[in-house]
Amino acid sequence: MAASAPKGGGGSPGGSLSYCLAQLQKGTEPGLGRALLALRTQHIKEAGGIARFRSRGGLAPLLGVLASAPRPRRTLDLALSILGNCCTEGGSRTQVRELGGIPPLVTVLKSLAVESIQNRTARALGNLAVDTENCQAIHEAGAAPLLVQILTTSQDSECLQSVMRAVRYLADSPAHRLALAQQGAVRPIAERLTSSLDDIALVAAAVRALLELTKGCNRDCAEQLSLGGGVAPLVTLASHDKQTVRESALAALANLCLQGVLRPAVGNAGGVEVLVGEIQRRKSAGAPGVSLHALVRALCLLCREAVNRSRIREAGGLELLLSLLRDRGYSSFHARVVVAFVAFLYDEEALEILQARGLVPLLVGRLTAHGQWSSQEQEEAEEREDERDAASSDFPAEGRRGEQAMPGAESSSFQSLRSWLLSEGYIASPGDLSPQWSPDTTLSELDAQVCISPNQELQDEPLGSCQAPSEVQTQSRAESPDFLNCPLLDVTLEEQPGCSEPVNLAEEGGTHSEESLCPAALPVSEENGSLCSAQSPFLETMDPSGVKEHEAVGTDQRQKGPATVLPEASSAEAPRKTEWSTRLVLATDENEPGPGSLHTAVSLPSKGGQNQPSPRCGTKLLNTGEACLAPKKLTLQNSPGSPEESRPPTFCWKRRAKFRLASEQAAPPQTSRPTGETSSQLLSLALPLSFSPHGGDRELHAPEAPALLLLSRFSQAEDPSRTLVTPTTLRGLLRYITGSPSPSSRCLRLLHRLTCNPACLEAFVRSFGASLIRAWLVLGVSPEEAASATEQKEMEPRNPDVGHRNTGKFKELGETLLMNLRVQAESPFGVGVLNHMLLSGPESDQVACALALPLICRKDSLCRKLLLDHSGLRLLLGALVRGPDPHFIFYASDSLSFLLGSQAPPAAGVSAPALKRPRLDPLLPCSYLHLVDEGRADLHFQLDDGASVPASRQAVSAASEVFRAMLGGGFAESSRAAVALHGLSPEPFLALAHFLHGCRGKPCPVLGVPFSLALAEEIFTVAEQYLLPELQSLVDDAMCQDYLHPGTIGEVYCLAERQNRPCLLQRCASYALWELAEPTQQAAVLAELVGSTGHPSELAEELLRAVLASPWGSGCEGQLG
């Protein structure tokens, strides 16, 4: 029997794997062709055949065939086909690279222009490029330009598909994609896509290749794609029937939107409608957020161009983005969607749509969740380096890309500006306008150069009292154009330091922190109105030779040293009698770069025009000292009528605003501005300076900045109250301010703008805005604390120091906002609004108006007219006793307390001295017990339980008319020594007996000790039965002393209602309104009364009586009728 063929061999020895390998080693015809054919048709196609071929060493001779002398076309086709098949296996790809097989393939691709060979070579290179190491080697071998050439010249569809596939695998990294784009690989693929829409296989290959090439779409890729006309076909293919083509086209479109120059073309081709429709379809199908990420990002980027914003609005894109923002399942998109809405900031129609569809509550909700901004930073980290290319094409970047890489290059806009200035005669030569201030110059480049900011060069405003001379030079970051354009809080003139105040640049040890660069950190001398150093000041004088001497103030020690002085003229022969001008130079030490090594050199003006020191000595600030100078004439107090000094803040102080903000945070306690120094007349004109946590770049780039920018834009409408002045919105804004570690000043300005808008007054009143601001900011009671207090969950006194952080700053802000509302309410328009709401509005508006009046109306006559004459107070109390939500009870309690003027707590530590009992005055014994002990009782009362109570007939008859008639008239009891009484308990009758015998206070063991509410009620009943009003009053006083406290006042009030004790009812109402200083306790007591009463209308009347009995309501008792 014949031996079986070896494994992997053919049917004959001539087709075995060993034979084929042997022929490959020889490399000669005709055996080589036969061996290659057997390998391709038999051995390679078997299971595990590629691994056996590689393990038997077949790849080396196969590569040798490709690298040897020219071979017949059939031989090369077979060898390339076998190699391409082998490269589908990972081990073979690695071995081919190690054997140096990539350069021979590139050589074949370069030398043979036969489409079949190019097709198989591109296929092999594509398979090899699956591995990262092979991909790098293929790029280094120079295969990319050859593949691009084939894309341009070849007409064979199969060859083009193989080349596109190879290009797709070669685009595995941003660097490789950029290299392919720069070598021109994108444009021919886009052109093939445009011209071969009927070839589905070629179209699919082209779309998949473009998908890889457009990832992180760079500028070169965008230009080539635009030149190749590939945008419109991609938009068309995004609706293709074949899923792979459709998905690839959509993803490629999303990649194109990363380039601002391509987004208008995407919109013109209908890409907006395609993206909106696809996102809606996937969202309706419940697709996860990951599958929508690229599409939503593209739609948000399309919002950056005006030409696309109108299409998005018309296609329903705004509603779609709002639905994504509302759905928590797509929270990863929320930050991007909010930034996209910022692009519609000046689109009135879009803003109306967004407001009507509920954008404001969503933005406020994001503010309240201020701590969850890390996800946004992670989401946008991938695009930060390409943000320049993704910027809106409505505002293209200046200059060409080659110029942008050169520091200090002149942009096209700068060249146009300089040309126009020359033609108009504004400058004499091109050098008059510094090229260092081209718009393309970065801030870091500006910091590296000693130059003057454009705002100083081109400033046409005359120098006033708060402007620095034109010679001021600075390298400070605060001088950058970005900072000058940042919106900051306006400050009043009284709080602005003079221009000549120095910058504190010195710290101990010769280091200087950026936070110390502020004139406000230095104290003010009361003698001459100038700023002086509080630690180690140095006086600086200048001798005729120009050498500065530094003398320590208050010491005999002189310190002389070199100082850098910049003369007025560059020539050394300049006249000495030229006046020295004030200079301020902020320089960076070359040896210690950074903000910690700033110095200052100040030279002072000479009054006499000679070379003598100025009478007003300046203060020199060295590395270890502090200096300051403020001429007396520059202070506002010394020249109130000067028009120059009463001007609003100018650019000089806008540039130094950042220094002021830093100093307010870093200034020592002894030099910081007290909160209470702000003039009350100016509170409504400027927000408190204590709220300036970050300005400039921090405010513009904070995570919550887009949401605040949109809210601020909405607040600038003529009547923003419809969406912004609502309970939900106001609570969200205040929660952000009190809960954020560094709230943005934009939110403060937003609230300031709303409270200053007369159109918002009615909405503030209707939404209880004034009460909310006062409770949360001024009193420090959040809505949650207010609700828990009125729901009797917090019965312990609340510590005023415990609450939100920075209580002083929040109180200052709250008082400012309330002042704004008061100004609006007391204007003629505001008076009309309040009268209309109280007289013609629905009941809810009437109650809200009455609640807000004590807080926003300072005119006593107007407040009395609306609350008393127009029954506003009665309406408020009626709504209060009906048991509304707990927040309303707290607001009503605080409003009534503020009205009565008793909210201010008593001074701590001040109390009346305790009265001392005279030492020699013994306590009087109990009259009743004394009578019983002496045996003077001549009468006994027999009760139902058998108890016998002794008494004196004379004392009982004298104290009670009922007993006088009973014991001294014609009744049977008049002649009996024991009188039976029915329906009485021993305890109340014993108290009655003590009272009848003259007991009234402490010595009595019954009436002089606290007794329970049940016993008090029984005593009330017995006292009424025997006509003893004085006993009832005595029990009233005892109840007020022992039980008129939080937690028991409700029971006392119920007892007073049952026993019809008007005095006790009035005492309870008065206690609830003004006898408690802590707001939460007062609200809890009032809520306890409301919850315990069985007659709400009567409680309202008692509260009204208590108000009218107060000093505020004195003389108005007639209103009760």
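**View 1. Glutamine 118, a buried residue in helix H8 of this predicted model.** Glutamine 118 has a relative accessible area of 9%, so it counts as buried. You'll find glutamine 118 in helix H8, which runs over residues 115-128. Who are its partners? Skipping residues up to four places away in sequence, glutamine 118 touches Leu109, Leu112, Ala113, Ile150 and Cys159. Keep in mind that everything you see here comes from a predicted model.

**View 2. Arginine 120 and aspartate 77, a salt bridge between two helices.** Let's stay with helix H8 for a moment. Arginine 120 forms a salt bridge with aspartate 77, and their closest N and O atoms are 3.6 Å apart. Arginine 120 lies in helix H8 and aspartate 77 in helix H5 (residues 73-86), so the pair ties together parts that are 43 residues apart in sequence. Is each partner buried or exposed? Arginine 120 is partly exposed at 23% relative accessibility, whereas aspartate 77 is buried, with a relative accessible area of 12%.

**View 3. Glutamate 319 and arginine 357, a link between distant parts of the chain.** This salt bridge joins glutamate 319 to arginine 357, with 3.8 Å between the closest N and O atoms. Glutamate 319 sits in helix H22 (residues 317-326), while arginine 357 is in the loop between helix H24 (348-356) and H25; the two are 38 residues apart. Glutamate 319 counts as partly exposed, at 25% relative accessibility. Arginine 357 is partly exposed too, with a relative accessible area of 46%.

**View 4. Lysine 215 and glutamate 212, plus a network of salt bridges.** Lysine 215 pairs with glutamate 212 in a salt bridge whose closest N and O atoms are 3.3 Å apart. Lysine 215 is partly exposed at 36% relative accessibility, but glutamate 212 counts as buried at 19%. Why does 19% still make the cut? Buried means under 20% relative accessible area, so glutamate 212 at 19% qualifies. Elsewhere, Glu247, Glu278, Arg281 and Arg282 are linked in a network of salt bridges. How many salt bridges does the structure hold? The count is 30.

**View 5. Phenylalanine 341 in the largest nonpolar core.** The largest nonpolar core has 267 residues. Which members touch the most others? They are Phe53, Phe341, Ile856, Leu880, Phe941 and Phe963. Zoom in on phenylalanine 341: leaving aside its neighbours within four places in sequence, it is in contact with Leu318, Leu321, Leu322, Leu325, Leu354, Leu359 and Leu710.

**View 6. Leucine 367, a buried residue of helix H25.** Leucine 367 belongs to helix H25, which covers residues 359-368. With a relative accessible area of 1%, leucine 367 is buried. Not counting residues up to four places away in sequence, leucine 367 touches Glu704, Ala707, Leu708, Leu711, Leu733 and Tyr736. Look for glycine 739 as well: it is 372 residues from leucine 367 along the chain, yet their C-alpha atoms are separated by 9.8 Å.

**View 7. Cysteine 849 in helix H45.** Helix H45 (residues 843-856) is home to cysteine 849. At 0% relative accessibility, cysteine 849 counts as buried. Apart from residues up to four places away in sequence, cysteine 849 touches Val765, Leu834, Met837 and Leu838. The C-alpha atoms of cysteine 849 and leucine 834 are separated by 6.6 Å, and the two residues are 15 apart along the chain.

**View 8. Leucine 417 and a nonpolar surface patch.** Leu417, Trp420 and Tyr426 make a nonpolar patch of about 360 Å² on the surface. Leucine 417 is in helix H29, residues 412-424. Its relative accessible area is 38%, so leucine 417 is partly exposed.

**View 9. Serine 871 and asparagine 1060, two residues with a positive phi****.** Most residues other than glycine have a negative phi. Serine 871 has a positive phi of about 60°, and the phi of asparagine 1060 is near 55°. Where do they sit? Serine 871 is in the loop between helix H46 (860-869) and helix H47 (872-881). Asparagine 1060 lies in the loop between helix H55 (1049-1059) and helix H56 (1062-1074). Serine 871 is partly exposed at 32% relative accessibility, while asparagine 1060 is exposed at 58%.

**View 10. Confidence along the predicted model.** The protein has a mean pLDDT of 74, with 67% of its residues at 70 or more. Among its elements, helix H40 (residues 761-766) has the highest mean pLDDT, 95, and helix H32 (residues 481-484) the lowest, 34. Over residues 1-13 the pLDDT is below 50, and this stretch has 16 contacts beyond near neighbours in sequence.

Notes: Residues numbered from 1 in each chain as written. Predicted model: local features only at pLDDT ≥ 70, side-chain atom pairs only at ≥ 80, totals over all residues. Heavy atoms only, no water. Core = buried A, V, L, I, M, F, W, Y, C linked by side-chain atoms within 4.5 Å. Buried < 20%, exposed > 50% of the residue type's maximum accessible area, 1.4 Å probe, protein only. Contact = heavy atoms within 4.5 Å. Patch = residues over 30% accessible without salt bridge, like charges linked within 9 Å, V, L, I, M, F, W, Y side chains within 5 Å. Areas by Shrake-Rupley, 256 points an atom, 1.4 Å probe, with all protein chains shown as cover. Salt bridge = Lys/Arg side-chain N within 4 Å of Asp/Glu carboxyl O. Helix = DSSP H or I, 4+ residues; strand = E, 2+ residues; numbered from the N terminus. pLDDT = per-residue confidence, 0-100.
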